[in-house]
Amino acid sequence: MNLNKRVLQIIIHTAIWAGFLLLPFINFSGPREMPFNPERKLQWLFFTSNLFMIGFYYLHSLVLIPRLLAERKILLYVLGIFGVLALFMMLPGIYFNFVEMPRLPFREHLPPPNSMRPGGFGMKRIMPFAFPGTIMMFLLILVISGGIKIINQWFKSEHRTAEIEKEKITTELALLRSQVNPHFLFNTLNNIYALAITNSADTATAIMKLSSIMRYVLDDAKSNMVTLNKEIGFLENYISLQRVRLTDKAVIHFSAAGNTDGKQIAPLLLIAFVENAFKYGISTHQPAVIEIYLEVIGNKLLFTAGNQKFQHTKTGTLHTGIGLNNTKRRLELLYYNKHTLAIEDKTNSFLITLTLELA
């Protein structure tokens with residue numbers, strides 16, 4: 001929510017509650033000869049009751065619903081509602097212990113004055129008691145606060161779904177243009193050509209791996225979710241093709257551990273981290289080590305990608321392929337509150353650690 005919307009919301013809430021608090025003074029401002037004409041002390045009682053209900057509105061919408069009802073703690077939620085209701089019904093009795101009220105037509109419904117012990121609070125005077133209509137007002141506040149909260153959550157959910165759909169389309173187009181970009185294809189085809197010229201036994205394997213990558217990007221990646229095994233296979237093929245162009249100075253460690261069967265993940269979610277490691281972690285003159293590890297623990301995925309940083313790659317580390325910022329945005333939309341991403345960008349090394357809940 002931007003600042004202008006937040007300010008507008010505060011103004012609207014303030015105006016509504018100000019009018020709500022003024023109701024006792026507006027409703028009880030009739031001529032003295034009216035049969036029901038509460039004095040100012042009674043007006044302040046209703047003012048206090050309205051103030052209490054305002055507090056209950058925010059307690060219900062900001063605490064009871066998100067902390068108890070949303071987390072399926074139904075019993076605690078119901079007990080909380082009844083506890084607040086009991087306190088609300090005791091409010092007049094508590095008020096009458098401090099303020100002596102004038103005799104009014106409905107006064108006979110209140111506890112007699114001699115129910116109060118000398119020098120202390122009369123326990124009978126603070127037993128639950130409700131003026132006519134106060135229970136209905138309490139239920140009205142309960143329904144309004146709950147309804148507004150549910151409607152807001154629904155709108156947020158719909159907005160997030162629309163953002164995910166929009167981001168999916170944008171990301172798919174960006175991935176087709178940049179993840180398997182012409183530069184990568186050009187280098188890979190040159191490497192395969194070199195293998196073919198020397199009649200290397202790896203030529204056919206390299207072509208098959210490139211074909212698998214293209215099939216995954218053009219077909220499987222169109223789905224909202226893919227199996228984790230397919231995503232791992234895609235990474236393995238990508239790393240294998242990168243190895244073709246590297247010399248013996250580059251050491252690549254890649255492993256996948258844990259039970260990956262039956263797990264699902266958003267497609268092409270990890271490739272930006274792997275591409276980042278190869279783009280900035282390889283030197284043509286110095287030995288280089290790239291470490292990429294993936295482990296499944298229960299329904300959680302732990303992924304790490306680390307590489308060295310050489311003098312010619314110490315700038316622009318965070319701006320490769322679709323970019324890590326783009327991937328962060330995808331994680332926020334697709335794995336909202338279900339992932340953690342840590343980036344250690346040091347002088348001579350770069351490490352990404354991602355933990356997320358698998359579907």
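Is asparagine 199 buried or exposed? With a relative accessible area of 69%, asparagine 199 is exposed; the close-ups below come back to this residue and tour several other spots in what is a predicted model.

**View 1. A five-stranded open sheet with mixed pairing.** Reading across the sheet, the strand order is β2-β4-β5-β7-β6. The edges belong to β2 (250–257) and β6 (339–345), each of which pairs on one side only. On average, neighbouring strands here are turned by 5 degrees against each other, direction ignored. Helix α8, residues 271–280, packs on this sheet and touches β2, β4 (288–297), β5, β6 and β7. The direction of α8 makes about 10 degrees with that of β5.

**View 2. Strands β5 and β7, running antiparallel.** Here we've zoomed in on β5 (residues 300–308) and β7 (residues 349–357), joined by nine bridges. Look for alanine 305: the residue standing opposite in β7 is isoleucine 352. This pair of strands also carries a salt bridge, between glutamate 357 and lysine 300, with the closest N and O atoms 3.7 Å apart. Since glutamate 357 sits in β7 and lysine 300 in β5, the salt bridge ties together parts that are 57 residues apart in sequence. Glutamate 357 has a relative accessible area of 28%, so it counts as partly exposed. Lysine 300, at 38%, is partly exposed too.

**View 3. The β6–β7 hairpin and helix α9.** Three residues make the hairpin connection from β6 to β7. The two strands run antiparallel and share seven bridges. Leucine 341 faces a leucine as well: leucine 354 in β7 stands opposite. Lying across β6 and β7 is helix α9 (residues 324–334), which runs at about 160 degrees to β6.

**View 4. A nonpolar surface patch with helix α3 as main contributor.** Four side chains, Leu69, Ile74, Val78 and Phe82, make up this patch of about 350 Å². Helix α3 (residues 74–98) gives the most, with three residues. Phenylalanine 82 is found in α3, and its 55% relative accessibility is why it counts as exposed, the cut-off being over 50%.

**View 5. Arginine 72 in the loop between α2 and α3.** The loop in question runs between α2 (40–69) and α3. Arginine 72 isn't a glycine, yet it has a positive phi of about 60 degrees. At 74% relative accessibility, arginine 72 counts as exposed. Also shown is a salt bridge between the side chains of glutamate 71 and lysine 73, at 3.4 Å from N to O. Both partners are partly exposed: glutamate 71 has a relative accessible area of 45%, and lysine 73 comes in at 37%.

**View 6. Asparagine 199 in the loop between α5 and α6.** Back to the residue from the opening question. Asparagine 199 is placed between α5 (182–197) and α6 (203–218). Its phi is positive, about 55 degrees, although the residue is not a glycine.

**View 7. A salt bridge between lysine 230 and aspartate 220.** The closest N and O atoms of this pair are 3.5 Å apart. Lysine 230 belongs to helix α7 (residues 228–245), while aspartate 220 is in the loop between α6 and β1 (226–227), and the two are 10 residues apart. Lysine 230 is partly exposed at 42% relative accessible area, as is aspartate 220 at 23%. Altogether, the structure holds six salt bridges, this one among them.

How values were computed: Residues are numbered from 1 along each chain as its sequence is written. This is a predicted model: local features need pLDDT of at least 70, side-chain atom pairs count only at pLDDT 80 or more; totals for chains, interfaces and linings use all residues. Side-chain values use heavy atoms; hydrogens and water are left out. Two strands pair if DSSP finds at least two bridges between them. Helices (H or I, at least four residues) and strands (E, at least two) are DSSP runs, numbered from the N terminus. Axes are lines fitted to C-alpha atoms, for helices over the stretch in contact, and angles run from 0 to 180 degrees between N-to-C directions. Contact means heavy atoms within 4.5 Å. Patches are made of residues with over 30% relative accessible area and no salt bridge: like charges are joined within 9 Å, nonpolar side chains (Val, Leu, Ile, Met, Phe, Trp, Tyr) within 5 Å. Accessible areas come from the Shrake-Rupley method with a 1.4 Å probe; for residues, only the protein chains shown count as cover. Buried means under 20% relative accessible area, exposed over 50%, partly exposed in between (1.4 Å probe, protein chains only).
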